[in-house]
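Please open the model in your viewer and keep the sequence panel beside it. The stops below say what to select next and what is to be found there.

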Amino acid sequence: ESVRWQVVQLLYNETMMTTCRDVPTICIDLASAIKFVSEDFSDLLHTTASGSRKIGELLADRLKDLIR
C-alpha cells in the first residue's frame with residue numbers, strides 16, 4: 001500500500017507540474033518542498049490536519065510577498 005501511494009503521488013505531482021509549466025500561473029511544487037508521510041493523508045488525495053498544516057505553512061511563506 002505504501003509503495004502504491006508513493007507511485008500514485010509521484011505520477012500525480014509530475015502531471016500537475018507539467019501542466020503548471022504550460023499555463024501561465026503561480027505553481028508551488030509541494031511534493032518537492034515538503035516531506036510528507038503517509039499520516040499526512042487520509043486517502044491518496046486528501047490531507048489530514050497534519051498534512052494541511054504543512055501545506056498551509058509553506059504556502060504562507062511562499063505567497064506572503066505576493067499578497068501584501
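Select Q9 to begin: does Q9 count as buried or exposed? This is a predicted model, and in it Q9 has a relative accessibility of 11%, which is under the 20% limit and therefore counts as buried. The residue is found in helix α1, and, once residues up to four places away in sequence are set aside, Q9 touches F41 and L44.

**The whole chain**

Zoom out and colour by secondary structure, and the chain shows three helices and zero strands, so that from the N terminus on the elements run α-α-α. The C-alpha trace spans about 40 × 30 × 15 Å along its principal axes, and of the 68 residues of the chain 15% count as buried. If you display contacts between residues at least 6 apart in sequence, 47% of them join residues at least 24 apart.

**The largest pocket**

Next, show the surface and look for the largest pocket, whose volume is about 580 Å³. Its lining is made up of 22 residues, and those closest to the centre of the pocket are Q9, N13, L30, A31 and F36, so the residue selected at the start is met again here. Now select the helices by their ranges, α1 (2–22), α2 (30–33) and α3 (49–63), each of which supplies at least two residues of this lining. Which of them gives the most? It is α1, with nine residues. Colouring the lining by residue class divides it into 15 nonpolar, five polar and two charged residues.

**The nonpolar core**

Select W5, I34, F36, F41, I55 and L58 together, as these six residues form the largest nonpolar core. Two of the names have come up already, since F36 is among the residues closest to the centre of the largest pocket and F41 is touched by Q9. Then keep L58 alone and display its surroundings: leaving out residues up to four places away in sequence, L58 touches I28, L30, A33 and I34.

**The disulfide**

Move on to C20 and C27, which are joined by a disulfide with an S to S distance of 2.3 Å; the structure holds one such link. The angle about the S-S bond is -95°, and the link of C20 and C27 is left-handed. With a relative accessible area of 28%, C27 is partly exposed.

**Two loop residues**

Select D29 in the loop between α1 and α2, where its relative accessible area of 26% makes this residue partly exposed. If you draw a C-alpha to C-alpha distance from D29 to A49, the viewer should give 19 Å for two residues that are 20 apart in sequence.

The last stop is H46, placed in the loop between α2 and α3. How accessible is H46? Its relative accessibility is 46%, so H46 counts as partly exposed. Apart from residues up to four places away in sequence, H46 touches D40 and F41, and F41 brings you back to a member of the largest nonpolar core. To finish, draw the C-alpha to C-alpha distance from H46 to L58, another residue of that core: the two are twelve residues apart in sequence and 17 Å apart in space.

How values were computed. Residues numbered from 1 in each chain as written. Predicted model: local features only at pLDDT ≥ 70, side-chain atom pairs only at ≥ 80, totals over all residues. Heavy atoms only, no water. 1 Å grid on protein atoms, 1.4 Å probe; cavity = no way out; pocket = protein on both sides within 12 Å on 5 of 7 lines; lining within 4 Å. Points joined across faces, edges and corners; volume = space filled by probe spheres on them. Helix = DSSP H or I, 4+ residues; strand = E, 2+ residues; numbered from the N terminus. Nonpolar A, V, L, I, M, F, W, Y, C, P; charged D, E, K, R; others polar. Core = buried A, V, L, I, M, F, W, Y, C linked by side-chain atoms within 4.5 Å. Buried < 20%, exposed > 50% of the residue type's maximum accessible area, 1.4 Å probe, protein only. Contact = heavy atoms within 4.5 Å. Disulfide = S-S within 2.5 Å.
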